[in-house]
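Let's take a friendly walk through a protein model, one stop at a time. Have the picture in front of you and look for each part as we come to it.

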Amino acid sequence: MHRPLSQMLAIPASPDSLHDPEELLRRVQNTGAFQLHSSRLEDETLHLEISSDGELYHAEIYPTEFMIPELYRCQHLFPDVDVEAIERAQLGLAAEMEFGPDALASYHLQLKLICTLVPDLLAVLDDSSEKILSGRWVTLAAQSRVAPAPRYLYTAQAVSGGDDCVWLHTHGLNRCGCPELEVLNSTKETYQSHYNVLETLANRLLDEEEIPGCGEPFFLAYVDQEIPLIVTLIPWADAVENYPEDMTGGKADRQEGHNEDTCAIFVYPSEESIDKGQYSSLAIYDQLLQDNPIYMITTDETNRMHDLASERLPYFKAAFQDSRNKLLGKFGLLIDEKYRTEDNCREHIWFEILDIQGDRFKARLTQEPYYVSGVHEGYECEFGPEDLTDWLIFTPERRISPDDVYLMEL
């Protein structure tokens with residue numbers, strides 16, 4: 001499929017330099033975040049050829065007036081002084097770029113480009129995913145050697161009508177070479193568990209070399225230890241034929257948008273249904289989806305989480321010095337041999353941190369493992385940093401993850 005440009009707009013604390021292409025060019029020439037190959041100015045648009053990790057990208061940079069759209073999701077916490085400054089701002093710098101084969105690396109590069117061009121960054125409007133990013137978060141992400149989480153590449157919106165019907169759909173996946181995803185005819189009671197399925201599938205597709213074809217079965221999870229969740233993608237035009245035309249998300253809602261590269265999620269409940277191509281609504285698993293399904297995280301994503309948790313470990317250790325905070329660490333336990341596969345030999349599970357001495361963590365297990373016999377909730381053990389996959393800090397005010405450490409600098 002054709003990849004549309006990834007569109008972002010940087011909001012600076014001071015817009016004075018946005019109309020000076022020579023100053024913008026000096027900034028990209030002097031950066032160590034990527035390599036500049038060529039540049040040209042055409043009708044107030046600065047065209048750049050840049051590269052990172054051997055991949056070449058074309059970017060278009062230009063100043064523009066803006067207003068924040070009402071439906072954009074605010075992804076981060078902003079101090080009041082920043083909110084007021086953003087509300088007063090009228091001029092921003094657009095940065096448009098076509099993603100390469102690695103969508104997450106491309107997204108990370110676009111953030112680095114924005115931070116290079118706009119060092120006094122207040123916020124970023126990610127127009128492709130319809131979300132608002134904190135300038136402090138973007139700056140930390142751009143400085144990191146680890147890419148942000150895949151969920152930043154898209155936004156999932158829940159639209160409800162006058163009845164109980166909820167329509168879930170994404171924005172942002174098209175720029176990654178994926179179809180946008182939808183769940184049709186969800187409800188106000190079940191849309192959260194349907195959202196979990198949609199998010200898990202989006203993250204998995206972003207990690208796949210090839211997107212499964214329409215109607216092709218795709219293993220996503222176990223809704224319990226015995227029942228696999230096999231999903232499939234159905235083009236929206238075929239999917240809406242199964243529902244009333246005036247339903248929220250139905251054919252009548254497709255006149256002005258959500259009518260191109262977008263697919264609805266359905267399921268195959270049995271091997272026979274796969275053979276016959278008879279897909280069913282996700283709703284057939286509603287009861288089981290409420291009972292903590294086992295969603296699979298790819299090895300690449302597990303490694304990314306580990307790398308970010310390790311890189312930002314000093315924040316975690318500093319938080320442990322404040323007795324008001326409660327800390328959790330996710331560590332990998334070796335699973336029983338009968339459950340091991342070539343790609344997976346550890347179950348990553350949450351422990352409460354009891355003590356930190358140097359690089360050693362003393363921790364207590366907070367839940368029952370699925371695949372590790374002889375180990376139960378309350379089990380205490382010591383781990384090293386190589387075992388750490390993720391961490392959480394619970395302060396008296398909020399929860400902080402490795403992704404959220406910008407909050408500790410406010």
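A strand here is a run of at least two residues that DSSP labels E, and strands are numbered from the N terminus. Keep in mind as you look around that this model is predicted.

With that in hand, find Ser186, which lies in strand β11. Is Ser186 buried or exposed? Buried means under 20% relative accessible area. Ser186 has a relative accessibility of 1%, so it counts as buried. Which residues does Ser186 touch, leaving aside those up to four places away in sequence? They are Asp164, Cys165, Val166, Tyr191 and His194. With His194 there is also a polar contact, made between the two side chains at 2.8 Å.

Now step back along the chain to Asn185, which is found in strand β11 too, a strand that covers residues 180-187. Asn185 is not a glycine, yet its phi is positive, at about 60°. Its relative accessible area is 38%, so Asn185 is partly exposed.

Asp43 also has a positive phi without being a glycine, and here the value is about 55°. Where do you find Asp43? Look in the loop between β2 (35-42) and β3 (45-52). Exposed means over 50% relative accessible area. Asp43 reaches 71% relative accessibility and therefore counts as exposed.

Next, let's turn to the helices. Helix α1 spans residues 21-29 and helix α3 spans residues 103-117; the two pack with their axes 8 Å apart, at an angle of about 125°. Because of this angle, α1 and α3 are oblique to each other. The crossing of α1 past α3 is right-handed. Which residues make the contact? From α1 come Leu24, Arg27 and Val28, while α3 supplies Leu113, Thr116 and Leu117. By character, these contact residues divide into 4 nonpolar, 1 polar and 1 charged.

Our last stop is helix α4, residues 135-143, where Gly135, Trp137, Val138, Leu140, Ala141 and Ala142 are buried. What do these buried residues pack against? Their partners are α3, β7 (121-126), β8 (131-134) and α10 (313-320). So α3, which you met beside α1, turns up again here as a partner of α4. Finally, look at the N-terminal end of α4, which is capped by Ser134. A side-chain oxygen of Ser134 lies 3.1 Å from the backbone nitrogen of Arg136.

Technical notes: Residues numbered from 1 in each chain as written. Predicted model: local features only at pLDDT ≥ 70, side-chain atom pairs only at ≥ 80, totals over all residues. Heavy atoms only, no water. Axes fitted to C-alpha atoms, helices over the stretch in contact; angles between N-to-C directions. Helix = DSSP H or I, 4+ residues; strand = E, 2+ residues; numbered from the N terminus. Parallel < 35°, antiparallel > 145°, perpendicular 65-115°, else oblique. Left-handed = near helix turned anticlockwise from the far one by under 90°. Contact = heavy atoms within 4.5 Å. Nonpolar A, V, L, I, M, F, W, Y, C, P; charged D, E, K, R; others polar. Buried < 20%, exposed > 50% of the residue type's maximum accessible area, 1.4 Å probe, protein only. Polar contact = N/O pair within 3.5 Å; in protein donor to acceptor, adjacent residues only side chain to side chain.
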